[in-house]
Amino acid sequence: MELYAKKVVHIVASADIESRLVKIAQEYNRGGYTIYPARGGGDLGVQSGMLDVDSNIAFMMVVSEKDLDQILQALDRMIKRGYQMIAYVLDAQVLRREKFGVKPS
Amino acid sequence: MFDFSGLLIPAVLFFMLGFLASVIRSDLKFPEGMSKGLTIYLLVGIGLFGGIELAKVDLSEAIGSVVAAIALGFITPLIAYGILTMVGKVGRMDASAIAAHYGSVSAATFLTAVAFLEARHVNFESHTVIMLAIMESPAIIVGLFLASMSRRMLGLNGQSDDKHNSEGTFGHLLRDAFTNGGVVLLFGSMLIGMIATSNSLDKIMPFFSKQGIFMGVLSLFLLEMGMEAAKRIHEFRKIGFFLVGFGMVMPLVGAVIGLITGHYFLGLSVGGTTLVAVLAASASYIAVPPAMRMAVPEANPSLYLTLAIGVTFPFNVIIGIPLYYQAATWLFG
């Protein structure tokens with residue numbers, strides 16, 4: 001089975017800034033993203049997920065190598081403005097390349 | 001003298017149980033999403049109650065309360081900002097965000113005060129519910145103003161400098177402040193309570209009224225809030241002695257302003273004056289945190305969340321409410 005190389009951008013942030021992240025996905029990744037509720041703790045205290053104000057999300061999008069830099073720059077601008085998040089990039093192998101904006105050859 | 005019988009109501013006792021459960025590291029835990037569901041229920045319940053009561057009174061009587069609520073929402077954050085920056089030398093961005101929380105209100109603290117008054121058979125004016133709904137938002141405007149002023153003083157770039165940040169414009173943030181889910185639920189339920197026919201309301205009120213299951217649900221919610229408060233004790237060392245002290249002194253400052261407003265300006269009863277003091281003393285954990293996280297990202301969220309949920313909420317529930325009630329009775333001689 002043929003697999004295609006992609007990158008997964010994974011972000012953990014407060015649920016309150018979800019709309020910002022969705023906007024980035026819509027602008028640079030043709031709108032594809034997945035969100036799941038998350039909880040945890042760190043430098044900034046406990047995010048127990050019990051109340052709206054202390055709920056985190058894990059935000060994931062599979063992106064092409066060529067779009068990656070623009071997405072990371074958009075995230076970096078947010079971080080420089082003070083928005084708290086953990087962001088990292090993973091290598092992934094995907095099925096169905098056309099799902100990610102590339103037509104099958 | 002401090003009257004400890006104020007603590008012997010189920011809502012407060014359940015709060016203490018939740019706190020204790022967390023301190024002794026019990027594995028007690030609410031199911032995912034339950035507290036969020038209870039919050040929706042409580043906001044709808046208090047909104048309906050306020051609406052039904054408001055339908056019975058002449059609205060012109062409530063105008064004074066509306067004006068007082070807006071004034072309190074604007075004044076208390078300015079005082080909080082002054083104390084934080086001048087006395088505590090807290091960073092201006094953190095001070096702006098924290099100040100906004102103290103200008104807004106905590107619905108759960110208000111409801112605990114209602115439970116406290118009802119246990120003593122003390123009546124209160126229904127206008128105070130409309131004050132609760134109104135006071136959620138004005139402090140956000142003050143917080144945004146203080147943050148923008150602080151940014152200029154610190155030479156930081158404003159929101160508008162970021163072309164990728166159209167959601168950060170003042171208008172957009174204001175819209176967020178007034179369309180916050182909690183605010184919409186409170187006002188919406190109040191309107192439904194006002195315009196729905198009394199026969200049709202009778203059908204749903206067993207589910208929402210204080211004669212029905214409302215106070216039981218409040219007790220469950222406070223059980224969770226006790227656990228949430230206790231989880232934040234570990235943060236006290238990080239946020240520092242001054243801020244923990246501020247989380248207990250600021251409610252007292254707010255309560256004094258609230259007592260004066262309720263008694264002298266609005267001419268409310270002992271119950272009504274107590275509730276205005278509680279409103280002015282409490283700190284928001286519904287509408288303000290998301291607004292500040294969006295609009296003042298430079299501020300550290302753990303400071304305002306630890307203060308609102310970990311310090312001020314327990315302080316008000318256990319010490320504040322009986323104290324403000326006592327002070328209100330003194331005002332009435």
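This is a short tour of a predicted two-chain model, with a selection to make at each stop.

**Stop 1: chain A**

Select chain A and colour it by secondary structure. You should find 2 helices and 6 strands. Walking from the N terminus, the order of elements is β-α-β-β-β-β-α-β. If you align the view to the principal axes, the C-alpha trace of chain A spans about 50 × 30 × 20 Å.

**Stop 2: the strand pairs of chain A**

Now pick out residues 4-14 of chain A, which form strand 1. Which strands pair with strand 1 of chain A? One is strand 6, residues 85-94, which runs antiparallel to strand 1 of chain A over 10 bridges. To see one of the residue pairs here, show A:Lys6 and its bridge partner A:Ala92 in strand 6 of chain A.

Another is strand 5, residues 56-63, also antiparallel to strand 1 of chain A, over 8 bridges. For this pairing, show A:Val8 together with A:Val62, its bridge partner in strand 5 of chain A.

**Stop 3: burial and contacts in chain A**

Next, colour chain A by burial. Of its 105 residues, 30% are buried. A contact map of chain A is worth opening too: taking contacts between residues at least 6 apart in sequence, 69% link residues at least 24 apart.

**Stop 4: chain B**

Hide chain A for a moment and select chain B. Its secondary structure consists of 16 helices and 0 strands. Along the principal axes, its C-alpha atoms fill a box of roughly 55 × 45 × 45 Å.

How does the radius of gyration of chain B fit with a compact globule? For 333 residues such a globule would have a value near 20 Å, and chain B has 19 Å, so the two agree.

Repeat the burial colouring here: buried residues account for 55% of the 333 residues in chain B. In the contact map of chain B, again for pairs at least 6 apart in sequence, 87% of contacts join residues at least 24 apart.

**Stop 5: where the chains meet**

Bring chain A back and select the residues in contact between the chains. Chain B supplies 23 residues and chain A supplies 20. On the side of chain B that touches chain A, the elements giving two or more residues are helix 2 (34-56), helix 11 (214-231), helix 15 (288-295) and helix 16 (301-331) of chain B. Finish by colouring that side of chain B by residue class: the residues there divide into 8 nonpolar, 5 polar and 10 charged.

Notes:
Residues are numbered from 1 along each chain as its sequence is written. Chains are lettered from A and ligands numbered from 1 in the order in which they are written. This is a predicted model: local features need pLDDT of at least 70, side-chain atom pairs count only at pLDDT 80 or more; totals for chains, interfaces and linings use all residues. Two residues are in contact if their C-beta atoms, placed from the backbone, lie within 7 Å. Helices (H or I, at least four residues) and strands (E, at least two) are DSSP runs, numbered from the N terminus. Ala, Val, Leu, Ile, Met, Phe, Trp, Tyr, Cys and Pro count as nonpolar, Asp, Glu, Lys and Arg as charged, and the others, Gly among them, as polar. A residue is buried if 20 or more other C-beta atoms lie within 10 Å of its own, exposed if 12 or fewer, and partly exposed in between; C-beta atoms are placed from the backbone. Two strands pair if DSSP finds at least two bridges between them. The radius of gyration is taken over C-alpha atoms; the globule rule is 2.2 Å times the number of residues to the power 0.38.
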